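Student: Can you walk me through a fold, one feature at a time?

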Amino acid sequence: MLPVRALSGLTFFAALASLAIATYAGESMDRYNVVWESPSRDASGQMPLGNGDIAAGVYAIQDGDLYLLLAKNDAYNYNGDIFKTGRVRISLAPNPFAKGRPFRQTLDLATGSIRIEADGVKLRIWADANRPVYHVQVDSLHDISVTAQAEFWERFDSCQHNSSRAPIPNATQDVCLTRNGKILWYFAVGDRSVFPADMEYYDVQHMTNAFPDPYRFNTFGNLLESPELELIEGSSGDASLVGKGKNFDIRIHAVNQQAHEASTWIESIESRSKQPIDADNDWIAHCDWWSKFWDRSWIIASDNRLPPEERERLSSETASGRRRETDGGALVSQSYNVFRFLMAC
């Protein structure tokens, strides 16, 4: 902050007003946080995270594990479809998500993060607003065992919903590697693309060379690492990061690159993962970004026909999935602010 003596007259009061508005906007988002009092039954119970480049659907399964379903806004395959870039599974033992244990999961709009408090274990999950890195920070009152691993599924090139694409046998699959105590994986599109065919379909084939092909040789994926976890490789070729303690910072790096050789992509993501990370300072800068984001636009409203004690009493979990709120103004405000958060992600 600038010293007071450097500001004079209206400048000083304008600075104070600007700071007050920014603080008010950010802190006021707390009233619209989405809060769940129980773990999810399946992958449909996801909360969103993102920074405009990378995104994740985050869900903790009752009697199960924590999952991050990863995405990136330029992870195109040769068809121009956007693929998920993978899924990371984090297991904790003893399991804080066991049925009947205390549980609270919060989508914290003001800080663009997800907080989970479960049976003495606190988790803070965020996609850094300033770099393509996810953090899963674990803080436990007692020693716990943590296992982090990447999970994949079978890729396919066509389905009944894009029948215009000719099926290609032996569809490209993700490649998973272990290097220097880290797990990394990538999907390489290779030397194929529908871009020229699409340009011809829309009768603008004469412009094909005027624009770079966004699909050909596209390569995307992630790198999983943690200073507190050790790489363990199984006999069947699977790999996990494993450790025991009270505090962990599990990091997932993301890179998309049009690379003729996979080695180019590998070098790029390893280089990024070697850059120093100060999670505490990065968190401060991340929160500052979201504070400025909320300072630009927000809606705060409630139904003033209601008694004060009945205003802004919003529920988050409903058995039917349909919201019925007494304060319609507060519901509109929450809907606007949460949707704006989604667009930012």
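Here the two go through strands, a helix pair and a few single residues.

Tutor: One caution before we start. This is a predicted model.

Student: Let us begin with strand β12. How many of its residues are buried?

Tutor: Burial is read from relative accessible area, with under 20% as the cut-off. Strand β12 covers residues 218–225, and 8 of its 8 residues are buried.

Student: Which residues point which way from β12?

Tutor: Asn 218, Phe 220, Asn 222 and Leu 224 point one way. Thr 219, Gly 221, Leu 223 and Glu 225 point the other way. Both sets are buried.

Student: Which strands does β12 pair with, and in what sense?

Tutor: Look at the bridges. Strand β11, residues 182–188, is joined to β12 by 6 bridges and runs antiparallel to it. Strand β14, residues 239–258, is also antiparallel to β12, with 8 bridges between them.

Student: Which residues stand opposite each other?

Tutor: Take β11 against β12. Tyr 186 faces Gly 221, and Leu 184 faces Leu 223. On the β14 side, Thr 219 has Gln 257 as its bridge partner.

Student: What about β11 itself? How many of its residues are buried?

Tutor: 6 of its 7. β11 also pairs with strand β10, residues 175–179, over 5 bridges in the antiparallel sense. In that pairing Thr 178 stands opposite Ile 183.

Student: What links β10 to β11?

Tutor: A hairpin, with 2 residues between the strands. Check the backbone in the turn: Asn 180 has a positive phi of about 55°.

Student: Now β14. Is Leu 241 buried or exposed?

Tutor: Leu 241 is found in strand β14. Its relative accessible area is 0%, so it is buried.

Student: What does Leu 241 contact beyond its sequence neighbours?

Tutor: Set aside residues within four places in sequence. The contacts of Leu 241 then include Val 146, Thr 147, Ala 148, Gly 181 and Ile 183. Leu 224 and Glu 225 of β12 are also among them. Leu 241 and Glu 225 are 16 residues apart in sequence, yet their C-alpha atoms are 7.5 Å apart in space.

Student: On to helices. How do I read a packed pair?

Tutor: Use two numbers: the angle between the axes and the distance between the axes. Here, take helix α4, residues 279–296, and helix α5, residues 328–344. Their axes come within 12 Å and cross at roughly 130°.

Student: Which class does that angle fall into?

Tutor: Oblique. An angle over 145 degrees would count as roughly antiparallel, and 65 to 115 as roughly perpendicular, so the α4 and α5 pair sits in neither class. The crossing is right-handed.

Student: Which residues make the contact between α4 and α5?

Tutor: From α4, Trp 290, Phe 293, Trp 294 and Arg 296. From α5, Asn 337, Arg 340, Phe 341 and Ala 344. By class, that is 5 nonpolar, 1 polar and 2 charged residues.

Student: α4 also holds Asp 282. Is Asp 282 buried or exposed?

Tutor: Asp 282 has 13% relative accessibility, so it counts as buried. Beyond four places in sequence, it touches Trp 126, Asp 128, Arg 131 and Ile 277. Asp 282 and Ala 129 are 153 residues apart in sequence but 8.9 Å apart, C-alpha to C-alpha.

Student: And His 286?

Tutor: His 286 lies in α4 too. It is buried, with a relative accessible area of 0%. Not counting residues up to four places away, the residues it touches include Thr 111, Gly 112, Trp 126, Asp 128 and Ala 129.

How values were computed
Residues numbered from 1 in each chain as written. Predicted model: local features only at pLDDT ≥ 70, side-chain atom pairs only at ≥ 80, totals over all residues. Heavy atoms only, no water. Buried < 20%, exposed > 50% of the residue type's maximum accessible area, 1.4 Å probe, protein only. Helix = DSSP H or I, 4+ residues; strand = E, 2+ residues; numbered from the N terminus. Pairing = 2+ DSSP bridges. Axes fitted to C-alpha atoms, helices over the stretch in contact; angles between N-to-C directions. Parallel < 35°, antiparallel > 145°, perpendicular 65-115°, else oblique. Left-handed = near helix turned anticlockwise from the far one by under 90°. Contact = heavy atoms within 4.5 Å. Nonpolar A, V, L, I, M, F, W, Y, C, P; charged D, E, K, R; others polar.
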